[in-house]
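Please read the report below alongside the sequence and the coordinates. It is meant for a reader who wishes to check each statement against the atoms.

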Amino acid sequence: MEKKTKQNHELMKDDILELRIEDIGSEGEGIGHADGLTLFVKDAVPGDIVKAKIIKMKKSYGYARLLEVLKPSEDRVKPLCPVAKQCGGCQLQQLSYEKQLEFKENKIRNCLSRIGGFDCDRLVIEPIIGMEAPYYYRNKAQFPVERKKSGEIAAGFYAGRTHSIIDITECYIQDKESSKILAIFKAFLKEYNISIYDEKSHTGLVRRILTRVGRRTGEIMVCIIINGTSLPNSRQLVERLCELQNMTSICLNVNMEKTNVILGEQVVTLWGRDYITDYIGSIQYRISALSFYQVNPVQTEKLYETALKFAGLEGNETVWDLYCGIGTISLFLAKEAKQVYGVEIIPQAVADARANAEQNGIQNAEFFAGPAEEVVPHIFRERKAAADVVVVDPPRKGCDASLLNTIVEMQPKRIVYVSCDPATLARDLKFLCGEGYELVRVRGCDMFAGTVHVETAVLLVRKP
Ligand code: SAH
């Protein structure tokens with residue numbers, strides 16, 4: 001009893017209560033209230049009435065575990081995936097797809113108003129571009145591998161917020177080929193008793209398996225990430241993998257660092273080419289193991305069409321595509337611009353970008369390797385280049401602060417910002433709008449059904 005009086009509420013760890021879920025948090029958790037406090041309940045959806053057990057209490061909020069759905073919300077659906085609840089990969093599979101889209105639109109709106117300080121009553125956010133088929137959409141998987149205490153090998157995904165692996169046979173948001181590859185790989189590891197990497201002791205060999213499938217070409221890449229330089233019995237693995245039709249590239253990636261970073265820098269080709277190809281729209285892209293390529297090719301085409309529309313090209317413009325990866329957006333824009341400059345930090349991706357331009361007969365796109373924040377000011381000055389439109393598509397952490405300053409100095413008429421994190425997007429937009437730009441269009445695009453992630457494309461125009 002004494003413990004309870006220290007807090008100004010009555011709730012304690014291990015208490016079990018009935019809650020009505022009223023809202024949804026930014027990580028997809030259900031939100032309810034009890035005793036004047038906010039409680040976050042993972043896997044509960046708005047409209048549910050649930051029985052939940054408090055697992056952690058803070059001063060004004062707490063976390064509870066869902067024990068039972070007493071009365072399901074109208075928006076609750078049965079996930080296709082049997083481990084949707086345990087797996088950290090998807091957070092929203094239990095929510096109808098329509099409501100997932102609404103959640104994502106609101107997430108963008110909230111970030112723009114809370115972090116960016118934008119008045120969302122005045123700013124029109126265009127309807128989010130949803131998916132037609134919200135399952136089996138990913139073209140890339142990176143399954144971590146672990147030897148359990150029992151000796152069994154597990155490969156699949158991390159349980160939410162842990163490094164404990166949930167063994168899976170199929171991931172319902174991945175291309176179906178990836179489960180076939182995973183089955184072959186697990187059987188191989190078992191049969192040849194291959195050493196498995198252990199994170200804690202930094203010993204053992206096999207860390208992960210990466211699979212990539214070209215959606216339009218069907219071409220398959222398998223890359224085994226190892227803490228070493230060679231894989232025993234790799235010939236047998238290659239033989240088995242080659243039974244899959246369309247196997248195109250089998251390689252090893254050497255990662256001997258004690259790190260959470262998935263890929264090392266060295267790639268050793270075991271069989272076939274060291275890249276696969278795929279199409280977005282009419283453009284063919286070459287994709288190497290180390291290169292970034294959007295994971296949802298169907299939605300990517302819609303996203304790039306949106307970016308292209310926002311860029312408003314008439315044919316005479318010089319366009320910069322910063323954080324350009326393998327030149328995906330650059331080449332999309334090149335067909336309607338005078339000149340495109342792409343800048344990307346990963347050298348292999350730049351090599352892919354140059355090959356892609358050549359392969360597609362595109363002569364007005366030039367690519368530079370290096371950190372955009374260093375390369376752009378240099379090239380811009382040296383070339384005395386124009387900058388009518390700047391497109392940026394940075395990783396989740398957003399644009400480098402000094403790059404934003406450089407963009408302002410370049411004075412483009414339009415900036416198209418493509419972002420996979422609305423929070424850093426809002427932060428960067430706030431800066432740019434304080435430097436003479438106006439936010440005129442915002443549109444979400446769902447590339448990641450079942451998860452809380454959302455892609456956004458926005459257009460900023462330079463004020464006269
Ligand atoms: N626009 C591309 C890639 C977007 S992902 C596409 O749609 O496919 C972001 C890219 O930024 C990655 O390719 C990553 O390697 C690259 N990157 C990360 N930090 C960078 C930096 N400081 N300078 C340039 N590129 C960077």
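The paragraphs below take up salt bridges, one helix, the nonpolar cores, the ligand site and two backbone angles in turn.

The structure is a predicted model, and the values given here are computed from it.

**Salt bridges**

The count of salt bridges comes to 17. One of them joins the side chains of K104 and D446, with N and O 2.8 Å apart. K104 belongs to helix 2 (residues 97-114), whereas D446 sits in the loop between strand 21 (437-445) and strand 22 (455-462), so the pair ties together parts that are 342 residues apart in sequence. Are these two residues buried or exposed? Both K104 and D446 are buried.

The table lists this pair with two others among the salt bridges.

| Pair | Closest N and O atoms |
|---|---|
| K104 and D446 | 2.8 Å |
| E177 and K180 | 3.0 Å |
| R427 and D428 | 2.9 Å |

In the pair of R427 and D428, D428 counts as buried because its relative accessibility is 2%, while R427, with a relative accessible area of 37%, is partly exposed. E177 and K180 are three residues apart in helix 3 (residues 177-191), so about one helical turn separates them. K180 has a relative accessible area of 42% and is therefore partly exposed, whereas E177 is among the buried residues of helix 3.

**Helix 3**

Helix 3 has 15 residues and reaches 21 Å from its first C-alpha to its last, which is close to the 21 Å expected at 1.5 Å a residue. Its buried residues include S178, S179, I181, L182, I184, F185, F188 and L189. The buried residues of this helix pack against several elements, namely strand 7 (140-147), strand 8 (153-158), strand 9 (165-167), strand 10 (206-213), strand 11 (220-226) and helix 4 (234-241). Helix 3 is followed by N193, whose phi is positive, near 45°.

**Nonpolar cores**

In soluble globular proteins, nonpolar side chains tend to be buried together. The largest nonpolar core of this model has 133 residues, of which L112, V206, I224, L231, W320, L322 and L439 touch the most other members. Strand 11 supplies the largest share of this core, seven residues. When its neighbours within four places in sequence are left aside, V206 is in contact with residues including F185, L189, I224 and L231; of these, F185 and L189 are buried residues of helix 3. Apart from the largest core lies another, of 15 residues, among them L11, A52, I54 and L66.

**Ligand site**

Which residues come nearest to the ligand? Of the 17 residues around the ligand, they are Y304, T328, E344, A372 and D393. An N or O atom in the side chain of Y304 is 2.5 Å from an oxygen atom of the ligand, and a polar side-chain atom of T328 lies 2.8 Å from a ligand oxygen atom. E373 has a polar side-chain atom that lies 3.1 Å from a nitrogen atom of the ligand.

**Positive phi angles**

Most residues other than glycine have a negative phi. Y136, which is not a glycine, has a positive phi near 55°, and this residue lies in the loop between strand 6 (125-129) and strand 7. Y136 counts as partly exposed, at 23% relative accessibility. K384 likewise is not a glycine, and its phi is positive at about 50°. The loop that holds K384 runs between helix 8 (372-383) and strand 19 (389-392), and K384 is exposed, with a relative accessible area of 75%.

How values were computed
Residues are numbered from 1 along each chain as its sequence is written. This is a predicted model: local features need pLDDT of at least 70, side-chain atom pairs count only at pLDDT 80 or more; totals for chains, interfaces and linings use all residues. Side-chain values use heavy atoms; hydrogens and water are left out. A salt bridge is a side-chain nitrogen of Lys or Arg within 4 Å of a carboxyl oxygen of Asp or Glu. Helices (H or I, at least four residues) and strands (E, at least two) are DSSP runs, numbered from the N terminus. Buried means under 20% relative accessible area, exposed over 50%, partly exposed in between (1.4 Å probe, protein chains only). The expected span of a helix is 1.5 Å times one less than its number of residues. Contact means heavy atoms within 4.5 Å. A nonpolar core is a set of buried Ala, Val, Leu, Ile, Met, Phe, Trp, Tyr and Cys residues joined through side-chain atoms within 4.5 Å. A residue is near a molecule or strand if one of its heavy atoms lies within 4 Å of it. A polar contact is a pair of N or O atoms within 3.5 Å; within protein, one must be able to donate a hydrogen and the other to accept it, and residues adjacent in sequence count only if both atoms are side-chain atoms.
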